[in-house]
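Hi,

Here is the model I promised to pass on. Have a look at it first, and my notes follow below.

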Amino acid sequence: MLEKGKISAAQMGIMMYPVVVSNADLMVPAMTAKEAARDLWMAPIIASLSGFILVYIIFQLSKLYPKQTIVEYAVLITGKIPGKIIGLLFLFYFAYNGGNILKQYGEFLVSIFLNRTPEVVIIGTMVLLCGFAVRGGVEVIGRTAQIFVPCVVILWITIIVLLVPDFKVNNMFPMLERGIVPPLRGAILVQPWFTHFGLLAMLLPYVADRENGLKAGTRWLAAIMVTLTVLDLTALFIFGAITATLSFPMMEATRYISIADFLEHLEAFVMTIWVAGTFVKISLFYYVLTIGSAQWLHLSDYRPVVWPLGFLLVVFGMWAPGVSELAAWWTSTAPFFANTIHFVIPLLLLLLGLLRRKLAANRRDTAR
């Protein structure tokens with residue numbers, strides 16, 4: 001194996017939290033409000049159902065091929081050429097998604113905080129920092145997540161508690177005024193975030209206590225669902241019907257906090273949450289891109305390709321569509337793209353893998 005390090009199932013689960021939440025926390029309330037209006041908080045609950053199914057599929061594949069990633073066992077299941085094509089699709093998705101995340105991160109900081117800083121500097125600096133984490137291996141990323149994620153959760157809880165005096169709970173009534181269809185449409189927009197759990201197909205070979213992996217994965221997926229639901233409710237209680245008109249509702253919500261003219265202007269807390277979560281998220285995408293590329297090329301060590309792939313991520317980040325164009329892409333192409341890569345392909349691989357195992361067992365029985 002290229003990676004000698006090991007992580008625990010708990011570390012694997014906690015790594016997935018910022019992968020989903022770190023940009024969804026700011027974007028999901030407005031996106032779902034456009035479709036579901038006051039029922040926006042139902043969208044993450046509905047969307048998470050596909051996430052639980054995906055986690056189950058990935059773990060079943062891991063049982064069939066416990067020491068290999070999806071880039072490796074795709075070749076064993078489908079043959080060399082189809083398997084290589086599938087692996088390349090995954091690698092492209094990791095690079096493309098990593099570029100989109102970097103673009104969102106760069107635009108967010110430039111537009112809100114660092115107006116005079118070139119975007120390429122912000123993106124390049126983040127990739128440089130993530131590159132050192134990637135070279136350190138999966139253990140470094142896992143331990144970083146263990147430090148950052150609890151801080152992110154505490155900061156969000158603090159912000160929400162401080163916003164409670166401004167809550168207008170009546171904003172959520174009447175529920176399902178237009179039926180279940182609007183929340184379902186909102187769930188379609190949220191669901192691609194839950195497909196990020198397909199990254200587990202690259203991480204499970206490095207989990208020391210794999211038998212606890214399914215439990216850890218489902219627990220953290222449930223934690224993500226609760227987080228997004230609470231953030232949607234918070235935005236709804238503060239802004240009501242105008243939530244859909246805001247770009248970053250939770251950023252705007254922090255400006256409502258004012259305690260005795262002393263504790264106010266807490267946008268820096270949101271920036272801290274965004275940067276910490278984005279660091280873990282980009283590091284993980286960068287890591288699976290690097291490991292997968294090394295496996296696809298049959299290299300003996302993944303470290304020589306870390307910096308070339310980092311440069312590629314910067315290029316993807318600069319070429320990626322801006323936040324406004326990305327929102328349009330997310331409401332049209334993203335659900336199909338993400339589900340094809342992280343849901344349909346793993347499901348087909350599982351079915352083919354089970355079929356191959358059954359045929360092999362039948363041949364052994366016939367030989368006897």
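Let me start with Leu 204: leaving out residues up to four places away in sequence, it touches Met 12, Ile 58, Phe 59, Ser 62 and Arg 210. Before going further, please keep in mind that this is a predicted model. Leu 204 is found in the loop between helix H8 (200-203) and helix H9 (213-239). Is this loop residue buried or exposed? At 2% relative accessibility, Leu 204 counts as buried. Its C-alpha is separated by 33 Å from that of Pro 183, and the two are 21 residues apart along the chain.

Gln 191 is the next one to click on. Its place is in helix H7, and with 11% relative accessibility Gln 191 counts as buried. Its contacts, leaving aside neighbours within four places in sequence, are Ala 47, Ser 50 and Asn 339. For the last of these, Gln 191 and Asn 339 are 148 residues apart in sequence, but their C-alpha atoms are 8.7 Å apart in space.

Now the core. The largest nonpolar core has 117 residues, and the ones with the most contacts inside it are Phe 94, Phe 197, Leu 200, Leu 203, Tyr 287 and Leu 349. Which helix gives the most to this core? That would be H11, with 15 residues. There is also a second, separate core of 10 residues, which includes Ala 36, Met 172, Leu 233 and Phe 237. As background, nonpolar side chains tend to be buried together in soluble globular proteins.

Phe 197 is a good place to look inside the largest core. Leaving aside its neighbours within four places in sequence, Phe 197 is in contact with Met 16, Val 20, Leu 54, Val 55, Ile 58, Gly 217, Trp 220, Leu 221 and Ile 224. Ile 58 is also on the list for Leu 204.

On to the rings: a search of the whole structure finds 13 aromatic pairs. One of them is Phe 94 with Phe 285; the ring centres are 6.5 Å apart and the planes are at 65°, so the pair is edge-to-face. Phe 94 lies in helix H4 and Phe 285 in helix H11, so this pair ties together parts that are 191 residues apart in sequence. Phe 94 and Phe 285 are both buried.

Tyr 96 and Phe 337 form an aromatic pair that is edge-to-face, at 5.9 Å centre to centre and with 80° between the planes. It links distant parts of the chain, with Tyr 96 in helix H4 and Phe 337 in helix H14 (residues 334-367), 241 residues apart. Tyr 96 is partly exposed, with a relative accessible area of 21%; the cut-off for buried is under 20%. Ring pairs also link Phe 92, Tyr 93, Tyr 96, Phe 316 and Phe 337 into a cluster. Separately, the charged end of Lys 84 sits over the ring of Trp 296, 5.1 Å from its centre.

Phe 316 brings us to helix H12, where it is one of the buried residues. H12 (residues 306-319) has 14 residues and reaches 20 Å from its first C-alpha to its last, close to the 20 Å expected at 1.5 Å a residue. How are its buried residues arranged around the axis? Seen down the axis of H12, they fall within an arc of 165°, so they line one face of the helix. The full set is Val 306, Leu 309, Gly 310, Leu 313, Val 314, Phe 316 and Gly 317. An α-helix has 3.6 residues a turn, so residues three or four places apart point the same way. The buried residues of H12 pack against helix H4 (80-112), helix H5 (119-136) and helix H11 (267-296). On the other side of H12, Pro 308, Phe 311 and Trp 319 are exposed.

Finally, some backbone details to check in your viewer. The peptide bond from Phe 173 to Pro 174 is cis, with omega near 0°, and Pro 174 lies in the loop between helix H6 (138-163) and helix H7 (181-194). Leu 176 is found in the loop between H6 and H7 too. Phi of Leu 176 is near 50°, a positive value in a residue other than glycine, and at 37% relative accessibility Leu 176 counts as partly exposed. Ala 37 also has a positive phi, near 55°. Its place is in the loop between helix H1 (9-36) and helix H2 (42-64), and Ala 37 is partly exposed, with a relative accessible area of 33%.

Cheers

How values were computed
Residues numbered from 1 in each chain as written. Predicted model: local features only at pLDDT ≥ 70, side-chain atom pairs only at ≥ 80, totals over all residues. Heavy atoms only, no water. Helix = DSSP H or I, 4+ residues; strand = E, 2+ residues; numbered from the N terminus. Expected span 1.5 Å × (residues − 1). Buried < 20%, exposed > 50% of the residue type's maximum accessible area, 1.4 Å probe, protein only. Arc of directions from axis to C-beta. Contact = heavy atoms within 4.5 Å. Phe/Tyr/Trp six-rings, centres within 6.5 Å; stacked < 30°, edge-to-face > 60°. Lys NZ or Arg CZ within 6 Å of the ring centre and 35° of its normal. Core = buried A, V, L, I, M, F, W, Y, C linked by side-chain atoms within 4.5 Å.
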